[in-house]
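Please look over the sequence and the structure shown below, and keep both at hand while reading this briefing. The points after them are grouped by topic, so that each can be followed in the picture.

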Amino acid sequence: METIKTLCPYCGVGCGLEVLPDKNQGWKVRGDRNHPSSQGMVCVKGATVAESIRTERLLYPMMRDTLDGPFRRASWDEALDAIADRIQAIRCTTGPDGICVYGSGQFITEDYYVAQKLVKGCLGTNNFDANSRLCMSSAVSGYVQSFGADGPPCCYDDLELTDCAFIIGSNTAECHPIVFNRLAKYHKKNPHVKMIVVDPRRTPTAEAADLHLAIKPGTDIDLLNGIAYLLLQSESIDPKFIQESTVHFEEFVQVVNSYTPEFVASRCGISVGELETAAKYWQQSQRVLSLWSMGINQSSEGTAKVRSLINLHLMTGQIGKPGCGPFSLTGQPNAMGGREAGGLSNLLPGYRTVKNAQHRTQVEQFWGLKPGSISPTPGRTAWDMILGLETGEVEMLWIAATNPVVSMPDLERTKAALWRSPFTVYQEAYYPTETSAYAHILLPATQWSEKTGVMTNSERRVSLCIGFDTPLGEARDDWSIFAEVGRRLGFSEQFAFNNSGDVYQEFVQLTRGQPCDVTGLSHEYLRQEGPQQWPCRENEPKHSAKEAKRLYTDARFPTPDERARFSAYHSRGLAEPPDPNYPFVLTTGRVYGHWHTMTRTGRTDKINQLHPEPFLEIHPRDAANLKIKEGDLLEVRSRRGKGVFPAKVTKAIVPGTLFVPMHWGSLWAEGAEANAMTHAESCPDSKQPELKACAVQLVKVGAEIEAEVGEFNWAESPIPVSS
C-alpha cells in the first residue's frame, strides 16, 4: 500500500503526516518532509496519534429517554428520525431559535460547511457556534476591526526571516511545538535575532528568550501601550505608512501618552529597564514578528489586546513584508477552516457576516432558499447556549466533536444547565467522554483517520487529509450526518452530496471574490499539487501562489477606504481581580503532550507516561507563607467551584499567581477540572470567555493552615461557599 499523506489532527500548526501500515495491522505515522508548514517535523502528539484511533470508540447509535436512564442500542434510522422529528416539532411551536448546534475545530471544512447550510440556511437560526469561540474568536474580531477582514497576514517562512520574535500569551514551545522548533533553530543560528516572551510563567518558551517579561496577569494592554509610548518618544515609527495606510492614529497617541515607563512597570510588575529593553528590540528591528495565542485571546479584553498588539505593527509599518506582522497561532487543527466556512454564530461562509443584508442575500441565492431565510440576528454563542438551557429557551442542543463538560467555563453551572436540557444529541468518535453522560442520543462519528476532507492551518495553508482507515462499527462522517438530517427535514435538493469532494466543490464557490478566495482549489487539485495557501483563485497562474504567502503586501486593506484602523484602549485589567478572600490569580494552559480534554491523548499510553497527573504551580514565596511543600495536595477554591492538585513549587511562576493545566476531566483524574474554577465573563466584541484568569484561595488538604498573606489570616477567615 502506498503512503497516505494527511495532516495532524491536533493543534493549528497543521503538520503534514505520512501514514503507512505496520506489521501488527495498525498504522505507522511519520512527518511528511514535503509538507511546507512542518518540513517533516512532528511532535509527540503527532508521532503517537495512531495509537488511539481504534481505542474506546463509539460504535453505533445509542438512545435513552432520560439522562438518569441507561442507553440502549438504536439504528441510524431510529436516531435520525428522532432528531428530525424533534427539530420539526420545535420549529412548528416555539420556533427555530430553540435549536442550537455546538461544533468544533476538529471538524473538517466540509463538516463545518454542511452544518452552516443546515442550521443557518434551512432551519433559519444562527444558533451554530463552535469551540473556536473559546479559542480564536478574539483574534478574529481583532483582525476584522483593525484590517477589515479575518486572516493571519503572515506565514511560517517569516519565522526564519524576522529580526525579532515577540511572543505574548503563548507557550509556543509546548502548545505549537513545530512552529517553535523552526523559530528556535533560526534564533540559535543568528545571534542578532532577538526573542521576547511575555508570560507570567517562565515556560520552556521563555527559557529560550533573550528577554522574558513576567508580567502580572491582565496587564498586557499596559505593556503594549508602554512599548508604543517608548516607540513614539524615540520616533521609531513609519510616518509614511501611518499617513497613507491607516486612520485614527491621533486618538491612539492620545491614549498611549498616559503609559509612561514608570506607570507601566508598576502595573505590570516588571522593571523600567525590562520595558525599555523590549522597546529597544522593537526600535532596532526592521522585521518584528509577533506571535500570540490563548493568553491574549481568552480574556475579557481579548479583542482590545489583539488590536493593541496590531497597533505596534501599524505604527512601525511592519506588516505585509517578509519576517514581520501580527500572527495569531490557531489552537485547533481546522479552526481557520471553520472561520472560512462561517462556523461561528455571527458568521456566514466566505468571511461574510449574518448582520450584512447583502451577504445574507448572496448566500440565500446560492443555497436556493427564499429571501429572508437567513436570520439577520447573530445566534447564540457557546455560553449563551448554556444560559438558554437555564431559562428553557433552548429546547435542543446538538453537540459534535467537542467535550464541553471539561472545556466550558464555570463547569458546575455548565453541568447543571446540561442536566436540564430537554433533548441533547452528542456526535462523537470516542466513548465515554465526560459529555456523553449528558446526552439523550449518541451518534458515532468517524474521526480524522477514517474520512477525507480539507483543513486550513494557522498560516492559511489548505491541506487535503485523506482517510486511510476503515470506519469502525457504524460510524459516519459528521457532514453526512448533518446532510441526512437535512434531507429528512425536506431539503433533499440542498443536501444532494455524494462525497466530501462534492461538498468542498460547492463551498469554494461561496468564497469567490472574498478575502479567503479558494475557488482555485478542489480535492483533486490538492491531491495533485499538495497544500496551498489562500487566496488561491480560480484560473490564477501558478506563480501567484508565492504572492499568497502574505496578506496586505500593497499596504491596502479590505476596509471601505482601504486603510487599517488604529485602536485606542486603556487597560481595564482582570474581570475578576484577586481580593483578600481570594488572594491568588489562577491561570490555566496546556502541557506539551496532552491536547484539549484528553479525549484522544488520554487514550495514548506514551503520553500518559509523559504526563501522568495534573499539578498546581506555586511560587516558593507563596508556598512558604502557607507551609506548602512539593507534592502536598492543595485545594483551590473560586467563587464557583474547586479542585485538588499536587503542589509543584517553582520559581517559574510569579508570586501571587497559580497555574494548573486544563486537560484533565473527571474521566482522567478526580477533582482536577481547571474550569470548575473559571468564570464566563467575556470580551464584549468576541464573546470569548476569560478562561486564563480567575481569583482563587488555596488550602492545604488535611491540614489547618495558618498563614498571613498581607493582613489576611487564613485560619480565622470564613471560607465562602458557592451558591
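What follows is a briefing on strands, helices, a salt bridge and some backbone details. The model is a predicted one, and every value quoted here was computed from it. Two open sheets are described, one of 5 strands with parallel pairing and one of 7 strands with mixed pairing, and the helices that pack on them are described alongside.

**The sheet of 5 strands**

- Strands of a sheet pair through backbone hydrogen bonds, and this pairing can be either parallel or antiparallel.
- In the open sheet of 5 strands, the order is β10-β9-β8-β12-β13, and the pairing is parallel.
- The edges are taken by β10 (211–213) and β13 (325–328), each of which has a single partner strand, so one side of each is left without a neighbour in the sheet.
- On average, and with direction ignored, neighbouring strands of this sheet are turned by 15° against each other.
- Within the sheet, strand β8 (residues 164–168) runs parallel to strand β9 (residues 194–198), and 5 bridges join the two; in this pairing, Ala165 has Met195 in β9 as its bridge partner.
- Helix α12 lies across β8, β9, β10 and β12 (288–292), and α12 runs at about 125° to β10.
- Helix α14 (residues 302–316) also packs on the sheet, where α14 touches β8, β12 and β13, and the direction of α14 makes about 170° with that of β12.

**The sheet of 7 strands**

- The open sheet of 7 strands has the order β5-β4-β18-β17-β16-β6-β7, with mixed pairing.
- Its edge strands are β5 (72–73) and β7 (128–130), each of which pairs on one side only.
- Strand β6 (residues 99–103) and strand β16 (residues 396–400) run parallel and are joined by 4 bridges, with Tyr102 standing opposite Ile399 in β16.
- Helix α3 (residues 109–122) lies across β6, β7 and β16, and runs at about 150° to β7.
- Helix α20 (residues 478–488) packs on the sheet as well, touching β6, β16, β17 and β18, and its direction makes about 155° with that of β16.

**Antiparallel strands around β25**

- Strand β25 (residues 633–637) and strand β26 (residues 642–649) run antiparallel and are joined by 5 bridges, and a hairpin of 4 residues leads from β25 to β26.
- Opposite Leu634 stands Phe645 in β26.
- β25 is also joined by 4 bridges to strand β28 (residues 694–700), with the two running antiparallel, and here Arg637 stands opposite Gln697 in β28.

**Pairs of packed helices**

- Two packed helices are described by the angle between their axes and the distance between the axes.
- The axes of helix α8 (residues 220–233) and helix α12 (residues 272–284) come within 9 Å and cross at roughly 60°, which means that α8 is oblique to α12.
- The crossing of α8 and α12 is right-handed, and in their contact Leu223, Gly226, Ile227, Leu230 and Leu231 of α8 meet Leu275, Glu276, Ala278, Ala279, Trp282 and Gln283 of α12.
- By class, the residues in the contact of α8 with α12 are 8 nonpolar, 2 polar and 1 charged.
- Helix α17 (residues 382–391) and helix α19 (residues 411–420) pack at an angle of about 55°, with their axes 8 Å apart, and α17 and α19 are therefore oblique to each other.
- α17 passes α19 in a left-handed crossing, and residues of α17 in this contact include Trp383 and Glu390, while those of α19 include Arg413 and Arg420.
- The contact of α17 with α19 divides into 6 nonpolar, 1 polar and 3 charged residues.

**Salt bridges**

- Side chains of opposite charge can pair when their charged atoms come close.
- The structure holds 41 salt bridges, one of which is between the side chains of Lys606 and Glu51, at 3.3 Å from N to O.
- This pair links distant parts of the chain, 555 residues apart, with Lys606 in helix α24 (residues 605–610) and Glu51 in the loop between α1 (44–47) and β4 (62–63).

**Backbone details in loops**

- The peptide bond from Tyr431 to Pro432 is cis, with omega near 0°, and Pro432 is found in the loop between β17 (424–428) and β18 (441–444).
- Trp534 and Pro535 are also joined by a cis peptide bond, with omega about 5°, and Pro535 is in the loop between β21 (532–533) and α23 (544–547).
- Glu56, which is in the loop between α1 and β4, has a phi near 50°, a positive value in a residue other than glycine.

Methods
Residues are numbered from 1 along each chain as its sequence is written. This is a predicted model: local features need pLDDT of at least 70, side-chain atom pairs count only at pLDDT 80 or more; totals for chains, interfaces and linings use all residues. Side-chain values use heavy atoms; hydrogens and water are left out. Axes are lines fitted to C-alpha atoms, for helices over the stretch in contact, and angles run from 0 to 180 degrees between N-to-C directions. Angles under 35 degrees count as roughly parallel, over 145 as roughly antiparallel, 65 to 115 as roughly perpendicular and the rest as oblique. A crossing is left-handed if the near helix is turned anticlockwise from the far one by less than a right angle, and right-handed if clockwise. Contact means heavy atoms within 4.5 Å. Ala, Val, Leu, Ile, Met, Phe, Trp, Tyr, Cys and Pro count as nonpolar, Asp, Glu, Lys and Arg as charged, and the others, Gly among them, as polar. Two strands pair if DSSP finds at least two bridges between them. A salt bridge is a side-chain nitrogen of Lys or Arg within 4 Å of a carboxyl oxygen of Asp or Glu.
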